[in-house]
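Q: Hi! Could you walk me through this chain while I have it open in my viewer?

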Amino acid sequence: MDNGVSAGSTASTSTLGNIALGLTLLAFGIGHTGIISGVSAADSVSLATYVGGLGLFLLGLLEYRGGNGFNGTAFAGLGAFWFTWATGADGKVSAHAAALFLILFALLALTLTMAAPSGLFGQGTYALLTLSLLLLAIGTLADTGALGKIAGWVAAVSGLLAWYGATAALAHWPTALGKASGRGAVAAG
């Protein structure tokens, strides 16, 4: 490939990455809530492996190449999380090891929360992901399904934020609430 030819805009890879993150978080979260009969978190393993794991990791590399260090870090780091979680989802590790894994990636999510652009779709998504991973880690250590369900709801809301933020950017929908020009919602720029 000629060095003068772009491999794609970072705006399109950012949007696709946030959609992939949103869908993976939704599947993961809904699986943990138990709200749909017969659907568990383990049912999201294929989605987590390929969309959340490999897809996000590759999009992260494209973001780095395009000069977006934040999205490169977010997508590649979370791609590694999803791929690793999916390969260990069948319980090959102890509860303590699983909780440690969740806490370590909660630290990544906390870093992303602090570094993300301010606002609901930037910091909100990653803050809820951090909370979800911490709740899931505590629930794993305490062997309580109730915290796992709460963590699932938090992850699902985080996924909805990521999905809506990406969809809004793509469809030019409002992404911020406020009063400008007499209207109730304004698009964030």
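**Loops, helices and core**

A: Happy to. Let's begin with His172, which sits in the loop between helix 6 and strand 1 (176–180). Keep in mind that this is a predicted model.

Q: Okay, what is the phi of His172 like?
A: Phi of His172 is positive, about 60°, although the residue is not a glycine. For context, most residues other than glycine have a negative phi.

Q: And is His172 buried or exposed?
A: Exposed: its relative accessibility is 70%, and the cut-off for that class is over 50%.

Q: Which residue in the loop between helix 5 and helix 6 should I look at?
A: Try Asp143, which is placed in that loop, just after helix 5. Asp143 also has a positive phi, near 55°, in a residue other than glycine. Its relative accessible area is 71%, so Asp143 is exposed.

Q: Let me zoom out. How many helices and strands does the chain have?
A: There are 6 helices and 2 strands. Reading from the N terminus, the order is α-α-α-α-α-α-β-β. The chain has 189 residues, and 39% of them count as buried.

Q: Which residues touch the most other members in the largest nonpolar core?
A: That core has 34 residues, and the ones with the most contacts to other members are Leu21, Leu78, Phe81, Trp82, Trp85, Tyr126 and Leu133. At least two core residues come from each of helix 1 (10–33), helix 2, helix 3 (69–87), helix 4, helix 5 (120–142) and helix 6 (145–171).

Q: Which helix gives the most to this core?
A: Helix 4 does, with 8 residues.

Q: Nice. What about the surface, which residues form a nonpolar patch there?
A: Leu100, Leu104, Leu107, Leu110 and Met114 do, and together they have about 510 Å² of accessible area. Take Leu107 as one of them: it belongs to helix 4 (residues 95–115). With a relative accessibility of 48%, Leu107 counts as partly exposed, because that class ends at 50%.

Q: Switching to helix 2, where is the kink centred?
A: On Leu56, with a bend of about 30°. Leu56 is also among the buried residues of helix 2, which include Gly52, Gly53, Leu59 and Glu63 as well.

Q: So how far does helix 2 reach from its first C-alpha to its last?
A: It reaches 28 Å, close to the 30 Å expected for the 21 residues of helix 2 (residues 45–65) at 1.5 Å a residue.

Q: What follows helix 2?
A: Gly67 follows, and its phi is positive, near 95°.

Q: I also clicked on Leu62. Where does Leu62 lie?
A: Leu62 is in helix 2 as well. Its relative accessibility is 36%, so Leu62 counts as partly exposed. The C-alpha atoms of Leu62 and Phe75 are separated by 9.6 Å, with the two residues 13 apart along the chain.

Q: Last topic, helix 5. Which of its residues are buried?
A: Quite a list, including Gly122, Tyr126, Leu129, Thr130, Ser132, Leu133, Leu136 and Gly139. Two of those names came up earlier: Tyr126 and Leu133 are among the residues that touch the most other members of the largest nonpolar core.

Q: And what should the 23 residues of helix 5 span?
A: At 1.5 Å a residue they should span 33 Å, and the end C-alpha atoms of helix 5 are 31 Å apart, which agrees.

Terms used: Residues are numbered from 1 along each chain as its sequence is written. This is a predicted model: local features need pLDDT of at least 70, side-chain atom pairs count only at pLDDT 80 or more; totals for chains, interfaces and linings use all residues. Side-chain values use heavy atoms; hydrogens and water are left out. Patches are made of residues with over 30% relative accessible area and no salt bridge: like charges are joined within 9 Å, nonpolar side chains (Val, Leu, Ile, Met, Phe, Trp, Tyr) within 5 Å. Accessible areas come from the Shrake-Rupley method with a 1.4 Å probe; for residues, only the protein chains shown count as cover. A salt bridge is a side-chain nitrogen of Lys or Arg within 4 Å of a carboxyl oxygen of Asp or Glu. Helices (H or I, at least four residues) and strands (E, at least two) are DSSP runs, numbered from the N terminus. Buried means under 20% relative accessible area, exposed over 50%, partly exposed in between (1.4 Å probe, protein chains only). The expected span of a helix is 1.5 Å times one less than its number of residues. The bend at a residue is the angle between axes fitted to the seven residues ending there and the seven starting there. A nonpolar core is a set of buried Ala, Val, Leu, Ile, Met, Phe, Trp, Tyr and Cys residues joined through side-chain atoms within 4.5 Å.
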